[in-house]
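Q: How does one read the contacts between a protein and DNA, and the relation between two copies of a chain?
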2 protein chains.
Amino acid sequence: MAAIKHSKQRDAIKNFLISRKDHPTAEVVYAHVSREFPNISLGTVYRNLSFLVDLGQASKVPCSDGSVHFDGNVSPHYHFQCRECNAIIDLDFDVKKTEKDFISAASENFDGVIDGNVSFFYGTCPECLKKLNLLKKQE
Amino acid sequence: MAAIKHSKQRDAIKNFLISRKDHPTAEVVYAHVSREFPNISLGTVYRNLSFLVDLGQASKVPCSDGSVHFDGNVSPHYHFQCRECNAIIDLDFDVKKTEKDFISAASENFDGVIDGNVSFFYGTCPECLKKLNLLKKQE
DNA sequence: ATAATAACAGTAACAATTATCATTATTAAT
DNA sequence: ATTAATAATGATAATTGTTACTGTTATTAT
C-alpha cells in the first residue's frame, strides 16, 4: 500500500551490494556508503538492507558464527566460508539437482514434508591454501 | 591447564540437555534449571553451555532466524525446522554418504578444499501436517 | 508552488550475550 | 578433619548488533 519513494542512500547501498562479490555485513556497508554520504545513519543502512531483502533484491546470509552478511546476488546458490580467513565465497554448481537429491535423502525416515534447505560449506579457500602450502615448503 | 572442578549446576544443565530431544535455547535451559536451583544466574547457564560445547558434550545450533539452540546429542546429524511451529527436529539418515556426495558436488568448480558443511532443512513437521489436513477437511 | 508523506539522521531502547568481581564451593594437600 | 588454593558461582554491569522513535528533509503527485 505505502508507495515507495526513491532515495539516493538506498541506491548507494544497493549498488555497493551489487558491486561486491564478497558478502559485506551491515557495518561494512555502512563504512563504505559513509564515504559518499558522510552522515548517513547506521539505522538507514539496516532499514534499507531489510527493505531490499523484502523486495527480493538482496539476500540475508546468517552465518553459523552468528554474523549476518548480505548478498546482492539473489539467484539460488550456496556459500562457502573459509576457516582460515572467514571469507564467504559463492559456490557454482547445479543447485537444483543436488538439492533435490539431498532433500530426498533427508526425507528418508521423516514423516513431515521437507521443501527447502540452507547449507553452508566450510574448508580452506584457494588463497589460504596457497599461503599454507608456501609455509610448508619453507620448513 | 586450569583444572576443572565439579559443579552441580553444570550437571543439571547437562542432564537437562540430554533429557530433551527438542533443542532448548539458553533461556529455556535457564527456566528449567531454575526450578532446581532457584537462584542460578543466567550467566552461569551461558557459561556452562559454552563450556559443554567446548568439551564436545553439547553442540550449538544457530538457526537462520538468529535464534541459538543447544543440542545434547553430539553424534553427527542434521536438523529440520518447521515453518509452522518453528520446532527443531533431528533427521535420521545416512549422514556420511549423503554429505560426501553433497560436498563433492559443491567442490565441482571450486579451487579450495571443502571439508564440512552445515545444513538446515525446512518444511512442515508431522504434527503441523496433521493439523493442516484436518483444517482442509473441515472446509 | 504546494501538500502529503516516505525516508532520513540522530538517538534512545532493546535483546542476547559476555565480562567483572566479590563470595561460595570444590578439590588437593596437610 | 583443617586448611589453603582456586574454579565456579550469583549478581550485576558492560557490550554488541539491531530495531524503534522523533522531529526534519527529500521526493512525488497534484
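A: A phosphate oxygen of DNA strand C lies 3.0 Å from a backbone N or O atom of N39(A). The model is predicted, so local features need pLDDT of at least 70 and side-chain atom pairs pLDDT 80 or more, while totals for chains, interfaces and linings use all residues. Residues are numbered from 1 along each chain as written, chains are lettered from A and ligands numbered from 1 in the order written, and side-chain values use heavy atoms, without hydrogens and water.

Q: Which other atoms make polar contacts with DNA strand C?
A: A polar contact here is a pair of N or O atoms within 3.5 Å. The side chain of T44(A) has an N or O atom 2.4 Å from a phosphate oxygen of DNA strand C.

Q: How many residues surround DNA strand C?
A: A residue is near a strand if one of its heavy atoms lies within 4 Å of it. DNA strand C is surrounded by 18 residues, with K5(A), T44(A), R47(A), H6(B) and Y46(B) the closest. Of the strand's atoms within 4 Å of the protein, 81% belong to sugar or phosphate and the rest to bases.

Q: How are the two protein chains related?
A: Two copies of a chain are related by a rotation about an axis and a shift along it. Here, a turn of 179° and a shift of 0.0 Å along the axis lay chain B on chain A with an RMSD of 0.2 Å, superposed by least squares on the C-alpha atoms of residues with pLDDT of at least 70 in both. That is the relation of a two-fold axis. In chain B, S119(B) has the C-alpha nearest the axis, 2.0 Å from it.

How values were computed. Polar contact = N/O pair within 3.5 Å; in protein donor to acceptor, adjacent residues only side chain to side chain.
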